[in-house]
Amino acid sequence: MLPELNEFLGCVTPSAWVDVALQNQDVMLIDHGNCEKKAAGAAFQLMFRYVDKPDLQNKMSRLAREELRHFEQVLSIIRKREIGLRNIGSSRYAAGLRELVRNHEPYRLTDTLVIGAFIEARSCERFAMLVPHLDDELGRFYHGLLKSEARHFQDYLKLAYLYGEAADIDATIVRVRERERELIESPDSEFRFHSGVPSAA
């Protein structure tokens with residue numbers, strides 16, 4: 001899946017982000033847990049908003065359950081490592097992508113689905129970047145997440161093409177890819193799981 005993911009994404013994660021992530025694994029794990037909760041919440045929002053779309057209902061129900069299971073696994077690792085849970089702010093990443101969502105249907109739905117595909121693809125790519133540098137326990141866990149995150153990426157993209165016109169989805173991918181690349185490659189004031197290049201790096 002990674003060649004397909006890397007082709008979909010507009011850039012690779014900068015090595016400076018990986019370096020800072022390895023130095024701040026407590027923040028990385030807390031924010032990763034937050035991301036899993038947000039992903040489940042986003043799936044629920046789509047289910048409530050688009051009750052007339054059975055394919056979406058089925059995919060998002062399964063995705064939400066899986067994301068919550070991942071959250072529970074992250075929480076277990078956090079507790080095992082005696083990392084204190086605390087509130088940390090969200091990164092600019094998801095909000096920056098959501099600025100591109102058009103506010104009328106069906107484009108609101110298809111834009112949201114394309115953005116979901118990018119978020120899942122980037123998560124998968126970052127897990128792959130981190131795995132070789134992590135301890136055995138965390139490395140095995142993140143490696144195990146690669147397959148499910150890649151599947152989520154595919155699910156979002158398939159739904160986008162199901163509910164939209166192919167030419168519009170293709171154009172949306174190009175538009176979102178450019179913004180996503182900008183968010184990933186530009187300096188970022190805070191380190192988070194989806195942050196850009198940490199400005200302190």
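**Exercise 1. Work out how big the largest pocket is and what lines it.**

Solution. Let's start with the space itself: the largest pocket has a volume of about 750 Å³. Its lining is made up of 31 residues, and K38, A42, A94, R98 and I119 are the closest to the centre. Keep in mind that this is a predicted model.

Next, sort the lining by helix. At least two residues each come from α3 (25-49), α5 (93-98), α6 and α7 (136-163). The largest share belongs to α3, with eleven residues.

Last, sort the lining by chemistry. You should get 13 nonpolar residues, nine polar ones and nine charged ones.

**Exercise 2. Find which residues touch the most other members of the largest nonpolar core, and which elements build that core.**

Solution. This core holds 61 residues, and the ones touching the most other members are M28, M60, L130 and Y142. Now look at where the members come from. Two or more residues each are given by α1 (2-8), α2 (15-23), α3, α4 (54-80), α5, α6, α7 and α8 (166-185). The largest share, twelve residues, is from α7.

Here's a bit of background: in soluble globular proteins, nonpolar side chains tend to be buried together.

To see one core member up close, pick L130. Skip its neighbours within four places in sequence, and you'll find L130 in contact with W17, V18, A21, L22, M28, Y142 and F193. Two of those names, M28 and Y142, should ring a bell from the start of this solution.

**Exercise 3. Decide whether D111 is buried or exposed, and find its partners.**

Solution. Begin with location: D111 sits in helix α6, which covers residues 107-130. Then check the accessibility. The relative accessible area of D111 is 1%, and the cut-off for buried is under 20%, so D111 is buried.

Now for the partners. Leaving out neighbours within four places in sequence, D111 is in contact with L100, V101, R102, T172 and R175. Take a second look at R175: its side chain makes a polar contact with the side chain of D111, at 3.5 Å.

**Exercise 4. Do the same for S123: is it buried or exposed, and what does it touch?**

Solution. You'll find S123 in helix α6 too. Its relative accessibility is 7%, which is under 20%, so S123 counts as buried. Beyond its neighbours within four places in sequence, S123 is in contact with E149, F193 and H194. If F193 looks familiar, that's fair: L130 is in contact with F193 as well.

Methods: Residues numbered from 1 in each chain as written. Predicted model: local features only at pLDDT ≥ 70, side-chain atom pairs only at ≥ 80, totals over all residues. Heavy atoms only, no water. Helix = DSSP H or I, 4+ residues; strand = E, 2+ residues; numbered from the N terminus. Buried < 20%, exposed > 50% of the residue type's maximum accessible area, 1.4 Å probe, protein only. Polar contact = N/O pair within 3.5 Å; in protein donor to acceptor, adjacent residues only side chain to side chain. Contact = heavy atoms within 4.5 Å. 1 Å grid on protein atoms, 1.4 Å probe; cavity = no way out; pocket = protein on both sides within 12 Å on 5 of 7 lines; lining within 4 Å. Points joined across faces, edges and corners; volume = space filled by probe spheres on them. Nonpolar A, V, L, I, M, F, W, Y, C, P; charged D, E, K, R; others polar. Core = buried A, V, L, I, M, F, W, Y, C linked by side-chain atoms within 4.5 Å.
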